[in-house]
Amino acid sequence: MSDILSFIKTKNPGEHEFHQAVENVTASVRTLIDRHPEYRQEAILKRITEPEKVFMFCVPWVDDQGQVQINRGFRVGMNSAIGPYVGGVRFHPSVSLSIMKFLAFEQVFKNALTTMNMGGACGGADFEPKGRSDREVMRFCQSFMTELHAHIGPNKDILTADIGVGTREIGYLFGMYKKIHKEFSGILTGKSLTLGGSLIRPEATGYGTVYFAAQMLASKNQTLEGKKCLISGSGNVAQHTAEKLIELGAVVLTMSDSSGYIYDEEGIDAGKLDYIKRLKNFRRGRIMEYINKYSDAVYVERNATLDHQPMWDISADCAFPCATQNELTGKDARNLMKNKVTLVCEGADMPCSTDAVEIFLEEKILYGPGKAANAGGVAVSGLEMAQNSMRLNWPRQEVDARLKTIMKNIHAICLDAAEEYGQPGNYLAGANIAGFVKVVDAMLDQGV
Ligand code: NDP
């Protein structure tokens with residue numbers, strides 16, 4: 001196993017996030033590979049870690065001052081053994097090939113766990129929508145799609161939302177694809193309802209994360225009622241994680257953005273969350289403004305020089321990292337353990353560093369890895385594609401019920417695989433093994 005890791009590190013130098021994601025999976029599938037000598041013969045690990053396609057492109061656009069701007073766009077198709085590529089599009093200045101590859105790799109296993117036929121991909125650009133006017137975002141999206149359109153299609157590669165990409169960006173991307181191809185087709189999910197979007201898609205990742213957490217607690221005869229919860233982020237996933245937690249009687253103490261976090265000891269209730277949604281989604285404001293409205297809460301500015309975030313040192317029962325990769329460090333994990341947090345459920349992709357995850361596994365707390373816990377978003381993308389094909393719109397309750405069932409199934413799949421391979425209760429091992437087996441079996445069926 002160390003051979004394959006050093007091979008991947010040498011072949012993909014400097015791609016730290018990608019190395020981390022690969023290491024995370026290879027550590028789990030060791031026993032599985034020992035039981036299946038044919039996987040070695042078929043060079044499965046080398047094949048599954050090599051993207052099937054990588055497309056990097058220049059995105060020129062003109063800002064409101066008439067100045068030409070240049071960004072770099074990406075689309076990585078990691079694996080299409082079980083279906084057409086489906087995966088997020090991220091617009092954030094930190095976007096790099098390594099981040100695209102790690103997200104696409106995670107997506108392969110996540111999509112397999114939904115039990116739908118979707119391969120794994122990811123794309124995006126190092127573009128910062130924050131501070132840009134709607135017209136600038138539109139021109140950027142149009143240029144991005146002008147380059148990307150030939151590489152995607154409803155049976156080829158389908159785009160979904162990720163950081164910095166919401167209904168507004170999806171609408172502009174869809175409009176440009178339609179203009180070029182002269183067809184109204186399902187190449188994007190997360191669309192507004194007027195464009196054929198699905199009810200519950202915006203909520204799905206956050207709601208699904210909470211449904212997964214509820215399942216983990218139920219396995220210990222517990223519920224979320226009264227549980228004090230820490231949430232990071234205040235974007236799509238964080239907002240809907242908070243919404244569902246509040247609905248189920250949990251007490252949400254924190255939310256954050258890249259500038260800092262708010263701590264509301266009284267709990268962020270539905271009314272306060274509504275304020276946060278308006279602040280972030282319509283005014284595109286900062287989380288610090290919360291304390292102007294709710295003066296009993298405190299705001300703590302982010303100190304990027306620290307090796308931990310004080311937010312994770314607040315006394316609570318559960319933690320939901322919902323912002324970005326590697327936001328929760330080993331030191332944060334130790335603080336969570338010191339404060340007797342018993343559940344960590346990842347709304348974001350790979351938000352916990354490798355040493356943080358090791359601590360959760362050692363302490364045997366309920367740890368829900370993102371590829372299982374946040375799979376509800378892409379699952380409802382799959383449901384959106386199904387509704388588009390049938391020219392139907394299912395009601396809210398129907399999509400939500402399907403989402404709940406899917407999350408319950410993913411939870412069971414993880415537990416069963418972990419048990420079968422001698423790691424009972426280890427959701428990370430279970431998610432990696434179950435996703436791996438499904439994809440690898442399909443690869444083997446298709447030959448070399
Ligand atoms: P949004 O853009 O809606 O929100 C992202 C949030 O994270 C914002 O509050 C943002 O703060 C914060 N954030 C971003 N980068 C950093 C950083 N470097 N440090 C601290 N905070 C940061 O994105 P989503 O909510 O859609 O996505 C969040 C996570 O969930 C990502 O990991 C994504 O991959 C994952 N995910 C999303 C899915 C979806 O359906 N949207 C599906 C599955 C996974 P600020 O506003 O200051 O940038």
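Trainee: Which backbone nitrogen lies 2.7 Å from a polar atom of the side chain of Glu-346?

Mentor: That's the backbone nitrogen of Gly-370. Keep in mind that we're looking at a predicted model.

Trainee: And where is Glu-346 placed?

Mentor: In the loop between strand E11 (343–345) and helix H14 (354–363).

Trainee: What makes the pair Glu-346 and Tyr-367 a polar contact?

Mentor: Their side chains are joined at 2.8 Å. The cut-off for a pair of N or O atoms is 3.5 Å, so the 2.8 Å pair is within the limit.

Trainee: Why is Glu-346 said to have no salt bridge?

Mentor: Look at the nearest side chain of opposite charge: Lys-371, 7.4 Å away. A salt bridge needs the nitrogen and the carboxyl oxygen within 4 Å, so Lys-371 doesn't qualify. Glu-346 is buried all the same. Leaving aside neighbours within four places in sequence, Glu-346 is in contact with residues including Thr-209, Pro-321, Tyr-367 and Gly-370.

Trainee: What makes Lys-110 and Asp-349 a salt bridge, then?

Mentor: Same test: their closest N and O atoms are 2.7 Å apart, and the limit is 4 Å, so the pair passes.

Trainee: How many salt bridges are counted between domain 1 and domain 2?

Mentor: The count is 1. The interface also has 3 residue pairs in polar contact, with both residues at pLDDT 80 or more. On the side of domain 1 that touches domain 2, helix H2 (16–28) and helix H6 (97–113) each supply at least two residues. The largest share there, 4 residues, comes from H6.

Trainee: What area is buried between domain 1 (2–183) and domain 2 (204–368)?

Mentor: About 980 Å², with carbon and sulfur atoms giving 44% of that. Of the area that domain 1 buries against domain 2, 42% is supplied by Gln-20, Phe-102 and Arg-168, more than any other three residues. The domain centres, taken over C-alpha atoms, are separated by 26 Å.

Trainee: Why does Tyr-427 count as buried?

Mentor: Its relative accessibility is 2%. Anything under 20% is called buried, so Tyr-427 fits the label. You'll find Tyr-427 in helix H18 (residues 427–445).

Trainee: How do you know that Tyr-427 and His-411 make a polar contact?

Mentor: Their side chains come to 2.7 Å. With a limit of 3.5 Å, the pair therefore counts. Not counting residues up to four places away in sequence, Tyr-427 also touches Tyr-367 and Pro-369, among others. Tyr-367 is the residue whose side chain is joined to that of Glu-346 by a polar contact.

Methods
Residues are numbered from 1 along each chain as its sequence is written. This is a predicted model: local features need pLDDT of at least 70, side-chain atom pairs count only at pLDDT 80 or more; totals for chains, interfaces and linings use all residues. Side-chain values use heavy atoms; hydrogens and water are left out. Buried means under 20% relative accessible area, exposed over 50%, partly exposed in between (1.4 Å probe, protein chains only). Lys and Arg count as positive and Asp and Glu as negative; His and the chain ends are not counted. A polar contact is a pair of N or O atoms within 3.5 Å; within protein, one must be able to donate a hydrogen and the other to accept it, and residues adjacent in sequence count only if both atoms are side-chain atoms. Contact means heavy atoms within 4.5 Å. Domain bounds come from an automatic or database domain assignment. Buried area is the accessible area (1.4 Å probe) that two parts lose on being put together, summed over both.
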